[in-house]
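Please look through the chain shown below, and then consider the questions that follow, which ask on what grounds its charged and buried residues get their labels.

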Amino acid sequence: YQRRIHGEAREDALTVNDKLQEGRGGRNDIATSLLGEVEDSIALNTEPLALKRVLRSIYDNDPSVTALDFSPGDDERFYTDASCRLLAMALRDNQHVRKLNLKNNKIGPQGAGFLADALEENKALSQLNLNSNTIGDKGASAIVSALKINDSLEQLYVENNGISQEVMEQVVYAMMLNNQPSTLKACMDRLADNDPSLTVLDFSPDDWKGKVVDDMAMRIMATALLHNTSLLSLDLANNSITAQGAVYLADALRSNTTLEHLDLRNNRLREEGGRAISQALKANSTLSWINLDGNGIPFDILEEIQANVNVNAHPLSAEHSHLTITAPDPGYSVASPLKALPYKAKPQPHEDHPERAFNTLEYHSALDHDIFADAMKDSRYMLM
C-alpha cells in the first residue's frame, strides 16, 4: 500500500512538473501497476508541452476538446513516435475529438502504427493531417489496414511522407470507401471476389447517418460489377446518384451478364443518365426489371429503356435468335436514309433475286422496329 501511495505521489507531482525527463526508481519502490504510468509521465516531459496540457482532457473525454493542432510551436519540440504512442492511448475511447493536426513533425512508421491502432477503436475522429512527416509505405499501410475497421475517418492527409504510388493508391481507395455508407464498405470485398452467396444488395439509406450512395460509390461499385457473375438484384433507390454515376453503372451493365433486378428510384439521373442506361441495355441481355421513377428522365428515353428490358424479360425463341444482316448486292444503293415500314415488317421484293427478299437492310430495320413496338404494347413478339 505504501509503495502504491509513493508511486501515485510521483505521478501526481509529474502532472505539474515539466522539467523532469529522466527518473530512476527500483521496482521495489513503486507498485508494478503504477510503474508504467510513472514512466509515461516522465516520457511526456520530453514531448511538446501542448500535448501534456491537453492529454488528461482527452483521457477524460472532455466534450469541449474537439480539435487538436499539434503542428510545431515556438518551443521547437517536434511530435515524434513517442508522442503518437501517448496520444493514441488517450484517443482510443475518446468520443469528442474530431480533428487532429500533426503535420510538419517527425513522425515515422512506428508513430503511424500507434495512430492506426487508435483508429481501429476510435469512432469519433473524422480528420487526420500527417502531411510532411516520414511515415513511409509501412506507416501508410498500417493506416490502410486500420481503415478496414474504422468507419469514422473522412479526411486523411499524408502528402510528403515518402509514400510510393502503389501504396498511395491503396490509401486513396481506402478513404474513398470510408466516405461511403458502411454497407457498401462491408460488402465490397465480397462483391469484387464474386462471392456466390452474395446475390442481393439493398442500399437503403435509412440507417446511414447521412451517408448515401453517390457517384463515387457508383464508380467503386461498377468496377466490381464488371466481372461479377453472382449478384442478381441491386437496390439503389433514394440515394444521390447523378448522370455521372449512371455512366459508371452503364459501363458495368454492358459487361455484366447476371444482374436481373435494378432499382434506381428517386436519384438524379436526368436525361444524360437515362440515355447512358438506355445505350448500355442495348448490349445487356439479362436485366429484366428496372425502376427509374423520380429521376427526371424524358418519357421517350424511358420507353426505350422499358422496351429493352421487356426484350430481356421475354427472350426470342431459338429459331429467331440468330437473325443476321446480309450485305446487299453491290449494285443495290442504300445511300438514302432508311425509313421504318408500317406496323409488321414485310419482305421487300427484289426483281432480279427473289431470295433476297428477306435479306435487305430495310426489312431487318423494320423488323427491329416491330419487335420493340410489340414489346412496348404487350410483350408479345410476332415475326412475319
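Q: How many salt bridges are there in this predicted model?
A: The count comes to six in this predicted model, where a salt bridge requires a side-chain nitrogen of Lys or Arg within 4 Å of a carboxyl oxygen of Asp or Glu.

Q: Why is the pair K185 and D151 called a salt bridge?
A: The N to O distance between the side chains of K185 and D151 is 3.1 Å, and because the cut-off is 4 Å, the pair qualifies. K185 belongs to helix α8 (residues 182-192), whereas D151 sits in the loop between α6 (136-146) and β4 (155-157), so the bridge ties together parts that are 34 residues apart in sequence.

Q: What makes K185 buried and D151 partly exposed?
A: Buried means under 20% relative accessible area, and partly exposed lies between that and 50%. K185 has a relative accessible area of 13% and therefore counts as buried, while D151, with 39%, falls in the partly exposed range.

Q: What else is buried in α8, and against which elements do its buried residues pack?
A: In α8, the buried residues are L184, K185, C187, M188 and L191. These buried residues of α8 pack against α7 (165-178), β5 (200-202) and α9 (215-225). Just after α8, N194 takes a positive phi of about 60°.

Q: How do you know that R265 and D263 form a salt bridge, and is each of them buried or partly exposed?
A: Their side chains meet at 2.7 Å, N to O, which is within the 4 Å limit, so the pair is called a salt bridge. D263 has 3% relative accessibility and so counts as buried, whereas R265 is partly exposed, with a relative accessible area of 29%.

Q: Why are R275 and E271 said to be separated by about one helical turn?
A: The reason is that R275 and E271 are four residues apart in helix α11 (residues 270-281). Their side chains meet in a salt bridge with an N to O distance of 2.8 Å. R275 is partly exposed at a relative accessible area of 35%, and E271 is likewise partly exposed at 41%.

Q: What makes D215 a buried residue without a salt bridge?
A: D215, whose place is in helix α9, is buried, and the nearest side chain of opposite charge, R268, is 6.6 Å away. Leaving aside neighbours within four places in sequence, D215 is in contact with S240, I241, T242, Q244, G245 and Y248.

Q: Which residues gather in a patch of negative charge on the surface, and what makes E121 eligible for it?
A: The patch is formed by D93, D117, E120 and E121. A patch residue needs over 30% relative accessible area and no salt bridge; E121, found in helix α5 (residues 109-121), has 43% relative accessibility, so the area requirement is met, and 43% also places E121 in the partly exposed class.

Q: What share of the chain is buried, and how much area does the chain expose?
A: Buried residues make up 42% of the 384 residues, and the chain exposes about 20,600 Å², of which carbon and sulfur atoms supply 50%. The chain has 13 helices and eight strands. Among contacts with a separation of 6 or more, 79% join residues 24 or more positions apart.

Note on methods: Residues are numbered from 1 along each chain as its sequence is written. This is a predicted model: local features need pLDDT of at least 70, side-chain atom pairs count only at pLDDT 80 or more; totals for chains, interfaces and linings use all residues. Side-chain values use heavy atoms; hydrogens and water are left out. Helices (H or I, at least four residues) and strands (E, at least two) are DSSP runs, numbered from the N terminus. Buried means under 20% relative accessible area, exposed over 50%, partly exposed in between (1.4 Å probe, protein chains only). Contact means heavy atoms within 4.5 Å. Patches are made of residues with over 30% relative accessible area and no salt bridge: like charges are joined within 9 Å, nonpolar side chains (Val, Leu, Ile, Met, Phe, Trp, Tyr) within 5 Å. Accessible areas come from the Shrake-Rupley method with a 1.4 Å probe; for residues, only the protein chains shown count as cover. Lys and Arg count as positive and Asp and Glu as negative; His and the chain ends are not counted. The place of a charge is taken as NZ of Lys, CZ of Arg, CG of Asp or CD of Glu.
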